[in-house]
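Thanks for coming. I have one structure to show today, and I will put it up now.

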Amino acid sequence: APRRGLEKEGVTLMAFEPAGKTNARVVTFEKSQPARADRLCFAILYSRPKSASNVHYFSIDNELEYENFYADFGPLNLAMVYRYCCKINKKLKSITMLRKKIVHFTGSDQRKQANAAFLVGCYMVIYLGRTPEEAYRILIFGETSYIPFRDAAYGSCNFYITLLDCFHAVKKAMQYGFLNFNSFNLDEYEHYEKAENGDLNWIIPDRFIAFCGPHSRARLESGYHQHS
C-alpha cells in the first residue's frame, strides 16, 4: 500500500511498500499531459504483483535483455529503447487501459534494475520532455540507487557510465538529429547490429560508423564472426 506522497517540480512521487516487503518503491512521473497524467509509474518490487481494475503491471526484465560479452550488462541498445517506447505509447493509448495506472516494475536483480531505469529515463527524455537531470532525479527518489554500467573487457573496470551519462547522451543525440524515433528504421538497425551482419552502428549518421573488424579474410573463430 502507498506510504507517502509528495509533490516536487510538478512530479508526483510515491513510496510504495507491498505487504511483507520493504524498500520497494513506485515513482509516478508525468502530470503535464492530460492523457498521461499520473498514469505512468516505475517500481522496484520483490514479488510479481497482480493487475487490478485500476492498475496494470508489466515487466520487460525477461523480454528486453542485454547480450553480454563478459562482465558488461548494459545499457540496452537503441532498438530496445525504441521497442520499449512503442510499448509504453501503445499502453497509454489503449482504450482498455484509459482509467488504469500503468506500472513498469522490475525485480531484485540490480543489473535488470539499471536497465529498466535506463529505459524509463530514456522515455522521459524522449517523449515527456524531461531534462537528463530531471529524469535521473526522479529515478533516485528516496534511497534508490543503481549500479553503473561498465565496459565489456575482461578483468576489473576503472571507468563506469551512470544512468545520468546515458540520459545526457540521448538528449545530445536528439539535439544534433542523430536520434529521431519518427524515422528510426528498426529492421535495419536490428539486422546490422548482429555479428553475422557486420555488428555495425552509425555513430554520426552517414558520416562515422563503428563495426567489428576488418580482418584479412572473413571467417568464424571461436563462435565469433570476423569480417574482411
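I will start with the whole protein, then go through the helices, and end with two spots in the loops.

Please keep in mind that this is a predicted model. The protein has 228 residues, and 39% of them are buried. Its secondary structure amounts to five helices and 10 strands. On contacts, take the pairs of residues at least 6 apart in sequence: 59% of those contacts join residues at least 24 apart.

Now helix α1, residues 78-93. How far apart should the ends of a helix with 16 residues be? At 1.5 Å a residue, α1 should span 22 Å, and its end C-alpha atoms are 22 Å apart, so the expected span and the model agree. At the start of the helix, a side-chain oxygen of N77 comes within 3.1 Å of the backbone nitrogen of A79.

Which residues of α1 are buried? They are A79, M80, V81, Y82, Y84, C85, I88, N89, K91 and L92. Note that the list has N89 and K91 in it, along with residues such as V81 and L92. The cover over these buried residues includes three strands, β4 (40-44), β5 (55-58) and β6 (101-106). It also includes two helices, α2 (110-127) and α5 (186-192).

Let me stay with N89, which sits in α1. Its relative accessibility is 13%, and it counts as buried because that is under the 20% cut-off. The side chain of N89 has a polar contact of 2.5 Å with the side chain of Y123.

Next, helix α2, and one residue in it, Q113. Is Q113 buried or exposed? Q113 is buried, at a relative accessible area of 7%. Leaving out residues up to four places away in sequence, Q113 touches F42, I44, T106, G107, S108 and Y146.

Helix α2 also packs against α4, at an angle of about 35 degrees and with the axes 10 Å apart. That crossing is right-handed. From α2, the residues in the contact are A114, A117, F118, G121, C122, V125 and I126. From α4, they are L163, C166, F167, V170, K171 and M174. By class, the contact of α2 with α4 has 11 nonpolar residues, one polar and one charged.

Helix α4, residues 163-175, has another partner, α3, residues 132-139. Here the angle is about 150 degrees, and the axes are 9 Å apart. The crossing of α3 and α4 is also right-handed. On the α3 side the contact uses P132, E133, A135, Y136 and L139. On the α4 side it uses L163, L164, F167, H168 and K171. That contact divides into seven nonpolar residues, one polar and two charged.

If you compare the two lists for α4, L163, F167 and K171 appear in the contact with α2 and again in the contact with α3.

Last, the loops. Where is the cis peptide bond? It joins G74 and P75, with omega at about 0 degrees. P75 is in the loop between β5 and α1.

The other spot is D206, in the loop between β7 (201-204) and β8 (208-210). Phi of D206 is near 65 degrees, a positive value, and the residue is not a glycine. D206 has a relative accessible area of 68%, so it is exposed.

That is what I had. Questions, please.

Notes:
Residues numbered from 1 in each chain as written. Predicted model: local features only at pLDDT ≥ 70, side-chain atom pairs only at ≥ 80, totals over all residues. Heavy atoms only, no water. Helix = DSSP H or I, 4+ residues; strand = E, 2+ residues; numbered from the N terminus. Expected span 1.5 Å × (residues − 1). Buried < 20%, exposed > 50% of the residue type's maximum accessible area, 1.4 Å probe, protein only. Contact = heavy atoms within 4.5 Å. Polar contact = N/O pair within 3.5 Å; in protein donor to acceptor, adjacent residues only side chain to side chain. Axes fitted to C-alpha atoms, helices over the stretch in contact; angles between N-to-C directions. Left-handed = near helix turned anticlockwise from the far one by under 90°. Nonpolar A, V, L, I, M, F, W, Y, C, P; charged D, E, K, R; others polar.
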